[in-house]
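Here's a quick tour for anyone meeting this structure for the first time. Have a look at it below, then read on.

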Amino acid sequence: MSAGTEVALTREHGLELLREMMRIRGFEDRCYQLYGEAKIRGFLHLYNGEEAVAVGAMRALRPGDAIVSTYREHGHALARGIPMNKIMAELFGRQTGCSRGRGGSMHIFDASRRFYGGNAIVAGGLPIAAGLALAQQLQRQSDITACFFGDGAVAEGEFHETLNLASIWKLPVLFLCENNLYAMGTALERAQAETDIAAKARAYRIESTAVDGMDVSSVEHAVNNAADKIRNQGGPAFLEMRTYRFRAHSMFDPQLYREKSEIEAWRKKGPIVTLTTRMKALGLMTEEDYRRLEDDAASEIDAAVQFADSSPWEPAADLERFVYAERAS
Amino acid sequence: MPSAPPEAQARLSYRDAVREAIRCALRGDPRTFLMGEDVGRYGGSYAVSKGLLEEFGDERIRDTPLSESAFVGAGIGAALAGLRPIVEVMTVNFSLLALDQIVNNAATLSHMSGGQLNVPVVIRLATGAGRQLAAQHSHSLEGWYAHIPGLRIAVPATIDDARYMLAAALESPDPVLLFEHLYLYNMEGSLTPGIERVDLEHAAIRRPGRDVTLITYGWSLYKCLEAATTLASEGIQAEVLDLRTLRPLDDATIVSSVRRTRHAVIVDEGWRSGSLSAEVTTRLVEQAFYELDAPVARVCTAEVPVPYAKHLEETALPSAARIASAVREMLTRGGSA
């Protein structure tokens with residue numbers, strides 16, 4: 001685990017981190033419900049349990065940095081600052097959604113926030129991250145590219161090809177592996193000969209650290225350090241975020257592959273409960289603060305659902321728009 | 001009409017024309033760079049990029065590891081960030097290792113993001129058979145790629161197109177795949193005076209004729225022209241249509257030619273089943289059925305993995321003789337020759 005995680009926590013900063021994590025948790029819980037109501041369809045992958053990774057990482061990254069994410073990206077998108085209304089509307093398939101209803105849950109994009117998806121092929125985003133970073137390098141920018149992917153991606157060839165390329169070309173990529181221990185239902189040790197993921201990155205001569213992904217402060221600190229190192233010295237860095245998914249892989253997963261007791265044990269060290277307990281013990285927040293954050297999140301989510309539900313559909317006549325770039329005539 | 005550039009008078013190879021296209025692109029636009037396997041120190045597997053490393057340096061002429069998925073994806077990412085990468089995939093055969101990036105990313109990102117993103121990447125690939133390279137190095141899969149919405153597929157068959165299609169592809173905000181037939185690299189010719197740019201929209205009539213339209217692209221263009229010469233000596237005037245772009249297909253030019261000749265033979269180095277030749281046939285059936293005097297015929301590669309031995313390979317591939325036979329058979333049966 002990374003050293004030096006004891007950053008002095010202030011009330012203001014701690015509440016900000018908590019607020020972001022609670023927005024995501026509340027959003028995901030509402031999505032679960034909305035799926036049952038058939039407002040959201042298709043594949044839906046929820047981020048419950050992993051909130052500390054998105055929130056800690058996005059706090060440490062800058063607006064000019066590029067982000068590449070996965071199909072479990074609602075948390076990354078929210079923490080990046082993409083308006084909840086646009087994300088919810090996309091999940092509803094509406095015209096006001098990020099991708100005008102063409103992407104859905106797995107394909108949230110926001111070019112203005114340099115958020116490049118929402119990639120639903122495992123490891124398929126890694127080569128793109130290398131390319132975004134190559135552009136940053138060729139244009140002599142101080143921005144970096146942060147690339148999220150799961151432990152499942154580590155088994156794919158694109159993971160290995162991209163780590164190697166990023167290393168030999170010294171590309172400014174921060175690889176952020178969200179190791180939640182399961183690739184869908186296949187446990188890490190059943191899929192990987194070497195389960196120490198951070199060690200794999202070292203084999204490509206990339207500086208690599210494992211981080212307690214359930215602790216938002218540890219994540220923020222580690223990403224800060226890694227991003228600084230990339231900005232100052234160039235070359236990629238790799239962080240393995242050790243985390244856990246509380247809910248099923250998707251809405252079609254009866255979770256036959258893991259014990260309820262395992263999930264319960266991880267819930268006890270969940271990122272929201274951990275930070276809340278810590279802040280209360282330090283006298284940095286009260287139960288009232290918690291309620292207020294909860295209410296704020298609920299109001300924002302209610303408004304987003306209202307916005308999405310009342311938004312228009314993209315006209316079917318516009319189906320074929322955007323397959324090719326629309327040239328100014 | 002601008003005066004012809006000095007190079008227009010000179011003989012040059014198809015390979016030289018592609019190299020000059022890359023050189024001009026690199027000189028004209030600092031956002032452009034070339035990357036791929038052995039494009040730098042080795043000079044390119046087909047010697048296309050020979051000398052470019054010395055002229056432009058290793059930041060813009062980038063040798064990659066043998067990681068097709070990673071460097072094609074890196075081209076897509078760099079294009080998303082506003083650069084204009086030229087990615088050389090040594091041959092179409094190896095592009096299968098980058099299919100995820102081409103089909104799942106390059107082709108989808110514009111639509112899937114609601115038009116927020118464009119992917120102005122150009123991917124160059126050597127394609128085709130004819131050099132006794134056997135099954136794994138002789139594919140003609142450009143028709144496969146033409147199946148995919150979001151991609152633009154162009155096939156330069158002439159010296160002019162080899163010289164100018166790249167610029168048109170780089171101007172396109174969409175991903176463009178340029179297929180260069182490996183048999184054409186050594187072909188020599190000269191640039192047409194007065195032509196300084198080409199489009200990626202239109203088919204071209206390479207030889208006019210009134211009796212039958214031979215619809216083709218790539219190396220097969222020359223087999224069709226040879227067949228047309230033979231047929232002319234027999235009194236049959238074959239029109240030869242070079243598709244140039246496989247996506248989009250230029251229906252208007254195809255249909256207008258066939259409406260005049262009332263006969264169509266499609267010549268495609270790809271296999272016939274589920275193929276580009278099937279697509280062109282269908283469009284003719286949809287748009288010119290009542291103007292056809294005979295069923296559409298096809299000359300394609302035999303439905304086998306392309307074999308090594310010379311006589312077997314030659315038997316498998318379209319040839320001028322097979323094309324001429326197909327025309328004679330069509331016109332004889334139709335009774336209108």
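## Disulfides

Let's start with the cysteines. This is a predicted model, and it holds zero disulfides over all of its chains. Why does A:Cys31 have no such bond? Its closest cysteine sulfur belongs to A:Cys98, and that one sits 12 Å off, which is too far for a bond; a disulfide would need the two sulfur atoms within 2.5 Å. Coming from the other side, A:Cys98 is likewise in no disulfide, with the sulfur of A:Cys31 as the nearest one, 12 Å away.

Are these two cysteines buried or exposed? A:Cys31 has 0% relative accessibility, so it counts as buried. A:Cys98 comes in at 6%, so it is buried too, given that the cut-off for buried is under 20%.

## Where the two chains meet

Now for the contact between chain A and chain B. Chain A puts in 39 residues, while chain B puts in 43. Between them the chains bury about 3300 Å², and 62% of that is on carbon and sulfur atoms.

How many salt bridges link chain A and chain B? The count is one. It joins the side chains of A:Arg140 and B:Glu59, at 3.1 Å from N to O. As for polar contacts, there are 20 residue pairs between chain A and chain B, counting those with both residues at pLDDT 80 or more.

## Chain A's side of the contact

Which elements of chain A give two or more residues to the side that touches chain B? They are helix 5 (125-138) and helix 6 (157-168). Helix 5 of chain A gives the most, with nine residues.

Sorted by class, the side of chain A that touches chain B has 20 nonpolar residues, along with ten polar and nine charged ones.

## A buried aspartate

One more spot to visit is A:Asp289, which you'll find in helix 12 of chain A, a helix covering residues 287-309. Is this residue buried or exposed? Its relative accessibility is 8%, so A:Asp289 counts as buried.

What lies around it? A polar atom of the A:Asp289 side chain is 2.8 Å from the backbone nitrogen of A:Thr286. Setting aside neighbours within four places in sequence, A:Asp289 is in contact with A:Arg11, A:Leu15 and A:Leu284.

Terms used
Residues numbered from 1 in each chain as written. Chains lettered and ligands numbered in written order. Predicted model: local features only at pLDDT ≥ 70, side-chain atom pairs only at ≥ 80, totals over all residues. Heavy atoms only, no water. Contact = heavy atoms within 4.5 Å. Buried area = accessible area lost by both parts, 1.4 Å probe. Salt bridge = Lys/Arg side-chain N within 4 Å of Asp/Glu carboxyl O. Polar contact = N/O pair within 3.5 Å; in protein donor to acceptor, adjacent residues only side chain to side chain. Helix = DSSP H or I, 4+ residues; strand = E, 2+ residues; numbered from the N terminus. Nonpolar A, V, L, I, M, F, W, Y, C, P; charged D, E, K, R; others polar. Buried < 20%, exposed > 50% of the residue type's maximum accessible area, 1.4 Å probe, protein only.
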